[in-house]
Amino acid sequence: MKNLFDLQGSVALVTGGGQGLGQAISEGLAAYGATVCVVDIDLESARRVADGIGRSGGQAIPVRCDVSQEAEAQAAVKQALDAYGKIDVLVANAGIGDRSPAETMTMSQWDRVIAVNLRGVFLFDQAVGQHMIERQGPGSIINMASVAGQVGLTTGNANYAASKGGVIALTRCLAIEWARYGIRINAIAPTHFRTPLVATAIERNPAVLDYFLGNIPLGRLGEGPDIVGAAVFLASSASAMVTGHVLNVDGGHTAR
């Protein structure tokens, strides 16, 4: 039973792994024994995280990728496969926000967020899923959703909420489609975490912090380490009978 969370011998690819939740997840998976491909649009950020994992005794490589671009997503997956020969775990985490009241939101704002948060998740799910199907082995795909895909928000997040609602629907659909291959697909849905995205929102409007905290019964923002347990659980054999599930890491946000 003590080995349920052991990721020794597994290879994980984490998009948006160079900062925020992606960094915490990359480092957390590595701490439990996984070799990690840290994918980020900012290569220097990815390299910093990969180097840190290496200094801690783990193994990781940085990979530069704009997740919204099909050719780049496929190239990133190929780079990981060329380096390690397989991918056992995908964490499709990369995401952005671009806040605006819905009545004034531009199509550019809408398209940009959907391209990264939903299209980017699908591109990596598809590319890694193809590999997992071809190798005829079990695998775990973890998509980063959000409470914003489940509850209404008043912070100019129509594009973000729609993208995350799409991620939840995609997760459930793929879980059914690929169950016959032994591939599990789940989603993590965090509440507001202290990430660069949230920090920027608070900096622009400090009152937003009170709004965030008012929705979280535990009374605080999530911190990076708070997401690691959920990711390790879904990546490991501890969740061998879990698929199509949305794991809320939200301090009670969706229980209100």
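What percentage of the 256 residues of the protein chain count as buried? The share is 51%, and the legends below walk through this predicted model one view at a time.

**Figure 1. The whole protein chain, with eight helices and seven strands.**
Let us start with the overall picture. Along the principal axes, the C-alpha atoms of the protein chain fill a box of roughly 45 × 40 × 40 Å. The radius of gyration is 17 Å, which agrees with the value near 18 Å that a compact globule of 256 residues would have. Take the contacts between residues at least 6 apart in sequence: 71% of them join residues at least 24 apart. The accessible surface comes to about 11500 Å², and carbon and sulfur atoms account for 53% of that area. As for charge, the protein chain carries 19 positive and 22 negative side chains, with the centres of the two sets 4 Å apart.

**Figure 2. Cys-37 and Cys-65, two cysteines in no disulfide.**
A pair of cysteine sulfur atoms has to lie within 2.5 Å to count as a disulfide, and by this rule the count for the model is zero. For Cys-37, the nearest cysteine sulfur is that of Cys-65, 12 Å away. Turn the view around to Cys-65, and the nearest cysteine sulfur is that of Cys-37, again at 12 Å. Cys-37 is buried, with a relative accessible area of 0%. Cys-65 is buried too, with a relative accessible area of 1%.

**Figure 3. Thr-15 in strand β1 and the residues it touches.**
Strand β1 covers residues 11-15, and Thr-15 belongs to it. With a relative accessibility of 3%, Thr-15 counts as buried. What surrounds Thr-15, if residues up to four places away in sequence are not counted? Thr-15 touches Val-39, Val-67 and Phe-124, along with the run Val-91, Ala-92, Asn-93 and Ala-94.

**Figure 4. Pro-62 in strand β3, with Ala-50 across from it in the view.**
Pro-62 sits in strand β3, which spans residues 60-64. Its relative accessibility is 21%, and the cut-off for buried is under 20%, so Pro-62 counts as partly exposed. Twelve residues separate Pro-62 and Ala-50 in sequence, while their C-alpha atoms are 5.8 Å apart in space. Ala-50 is also among the residues that Pro-62 touches, as are Val-38, Leu-43, Ala-46, Arg-47 and Gln-79; residues up to four places away in sequence are not counted here.

**Figure 5. Arg-99 in the loop between β4 and α4.**
The loop that holds Arg-99 follows β4 (89-92) and leads to α4. Arg-99 has 30% relative accessibility and so counts as partly exposed. Which residues does Arg-99 contact, leaving aside its neighbours within four places in sequence? They are Gln-109, Thr-155, Gly-156, Asn-157, Ala-201 and Phe-212. For Ala-201 there is also a distance to look at: it is 102 residues from Arg-99 in sequence, with 8.5 Å between the two C-alpha atoms.

**Figure 6. Gln-126 in helix α4 and Gln-136 in the loop after that helix.**
Helix α4 runs over residues 107-135 and includes Gln-126. Gln-126 is partly exposed, with a relative accessible area of 27%. Leu-174 is 48 residues from Gln-126 in sequence, and the C-alpha to C-alpha distance between them is 9.5 Å. The loop between α4 and β5 (139-144) is the place of Gln-136. Is Gln-136 buried or exposed? At 72% relative accessibility, Gln-136 counts as exposed. Its backbone is worth a look as well: phi of Gln-136 is near 55 degrees, a positive value in a residue other than glycine.

**Figure 7. Val-198 in helix α6 and its contacts.**
Val-198 lies in helix α6, which covers residues 196-204. It is buried, with a relative accessible area of 9%. Not counting residues up to four places away in sequence, Val-198 touches two phenylalanines, Phe-193 and Phe-212, and also Leu-221. Between the C-alpha atoms of Val-198 and Leu-221 there are 9.6 Å, for a separation of 23 residues along the chain. Phe-212 ties this view back to Figure 5, where it is among the contacts of Arg-99.

Conventions: Residues are numbered from 1 along each chain as its sequence is written. This is a predicted model: local features need pLDDT of at least 70, side-chain atom pairs count only at pLDDT 80 or more; totals for chains, interfaces and linings use all residues. Side-chain values use heavy atoms; hydrogens and water are left out. Buried means under 20% relative accessible area, exposed over 50%, partly exposed in between (1.4 Å probe, protein chains only). Helices (H or I, at least four residues) and strands (E, at least two) are DSSP runs, numbered from the N terminus. The radius of gyration is taken over C-alpha atoms; the globule rule is 2.2 Å times the number of residues to the power 0.38. Contact means heavy atoms within 4.5 Å. Accessible areas come from the Shrake-Rupley method with a 1.4 Å probe; for residues, only the protein chains shown count as cover. Lys and Arg count as positive and Asp and Glu as negative; His and the chain ends are not counted. The place of a charge is taken as NZ of Lys, CZ of Arg, CG of Asp or CD of Glu.
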